[in-house]
Amino acid sequence: MAKKSSRPAVLRAERLTVGWDGRPVCGAATFSVPAGRAVALVGPNGSGKSTILRAALGLLEPLSGTVSLLGRPVDEREASFRAQVAAVLDDDAWFPALTVAEHLYLVARGHGVGDADDEVEALLDEFGLTGHANALPNTLSSGQRRRLLLAAGLVRPRSLLVLDEPEQRLDSDMRHRLAERLVAEKDAGGAVLIATHDPEMLATVADAALIVADQTRKVTVDEAVDALRPGVL
Ligand SMILES: Nc1ncnc2c1ncn2[C@@H]1O[C@H](COP(=O)(O)OP(=O)(O)OP(=O)(O)O)[C@@H](O)[C@H]1O
């Protein structure tokens, strides 16, 4: 019989309870994201997905339970933590006087990528931004700004990629290509934690899922895809 392969957890959450003003927004979550795997959080608007992601990124103190990255408690004040974790959240934050390409160079160099030219060029092409390389963010469409945010998350080294509804504002072709890109991320050994409302993204990318609710629970990817159908959650 083939030996079951065990992959080390990049991110692990144990009985993690998150919320605001001391009040939990959802049931406790226990999950781990191994290298080369993706875990998806699904649930209705306001169920707590983004709040769990914030705790996983060390941006919000859990109400109870633990979150660890490569065996150490998450702490976004630690440079070693920030070096391992790339996040694309729903918070556009731009330097208004830096162009699209300059944003990507800034992130790449800030994370120690020495010669970033090829990487930046490839990402501009992949995200359809080559023609906007010298544009300022406030001259982009909302979908183009979203593409820039995603490219900025991918231009730097990482062990874990955390994405909050990355499908937002993307056209269907870009959503499809992003899903393939995330599969490639896993194939290269990366771990992915993603909150999504997109059944295709979920089915293509995720290996395991959690339904975030009053009783947060682990489900199979098929069950999570079913749960995204209208009227189920
Ligand atoms: N900064 C905040 N302060 C107080 N409450 C907040 C804050 N951010 C979110 N909440 C509340 O926490 C709950 C969960 O919000 P969260 O953003 O985690 O939901 P979500 O599952 O990501 O939803 P969506 O699918 O709409 O993105 C909501 O009731 C929301 O009002």
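Here are three short exercises on this predicted model, each with a worked solution.

Two notes before starting. Residue numbers begin at 1 along each chain as its sequence is written. Because the model is predicted, local features need pLDDT of at least 70 and side-chain atom pairs count only at pLDDT 80 or more, while totals for chains, interfaces and linings use all residues.

**Exercise 1.** Find which residues are around the ligand, and sort them by class.

Solution. Start with the cut-off: a residue is near a molecule if its C-beta atom, placed from the backbone, lies within 6 Å of it. The residues that result are W20, V25, G43, N45, G46, S47, G48, K49, S50, T51 and A195. Next, apply the classes: Ala, Val, Leu, Ile, Met, Phe, Trp, Tyr, Cys and Pro are nonpolar, Asp, Glu, Lys and Arg are charged, and the others, Gly among them, are polar. The shell then has 7 polar, 3 nonpolar and 1 charged residues. Finally, look at the helices, which are DSSP runs of H or I with at least four residues, numbered from the N terminus. Helix α1 (residues 49-56) gives the most to this shell, with 3 residues.

**Exercise 2.** Work out how α3 and α4 are oriented to each other.

Solution. Take axes as lines fitted to C-alpha atoms over the stretch in contact, with angles from 0 to 180 degrees between N-to-C directions. The axes of α3 (residues 100-110) and α4 (residues 117-126) come within 10 Å and cross at roughly 135 degrees. Angles under 35 degrees count as roughly parallel, over 145 as roughly antiparallel, 65 to 115 as roughly perpendicular and the rest as oblique. The two helices are therefore oblique. For the contacts (C-beta atoms, placed from the backbone, within 7 Å), A101, L104, Y105 and A108 of α3 meet E119, V120, L123 and L124 of α4. This contact has 7 nonpolar, no polar and 1 charged residues.

**Exercise 3.** Repeat the analysis for α3 and α5.

Solution. The axes of α3 and α5 (residues 142-154) come within 9 Å, crossing at roughly 25 degrees. These helices are therefore roughly parallel. On the α3 side, V100, H103, L104 and V107 meet L148, A151 and A152 of α5. By class, that contact holds 6 nonpolar, 1 polar and no charged residues.

Definitions and conventions: Contact = placed C-beta atoms within 7 Å.
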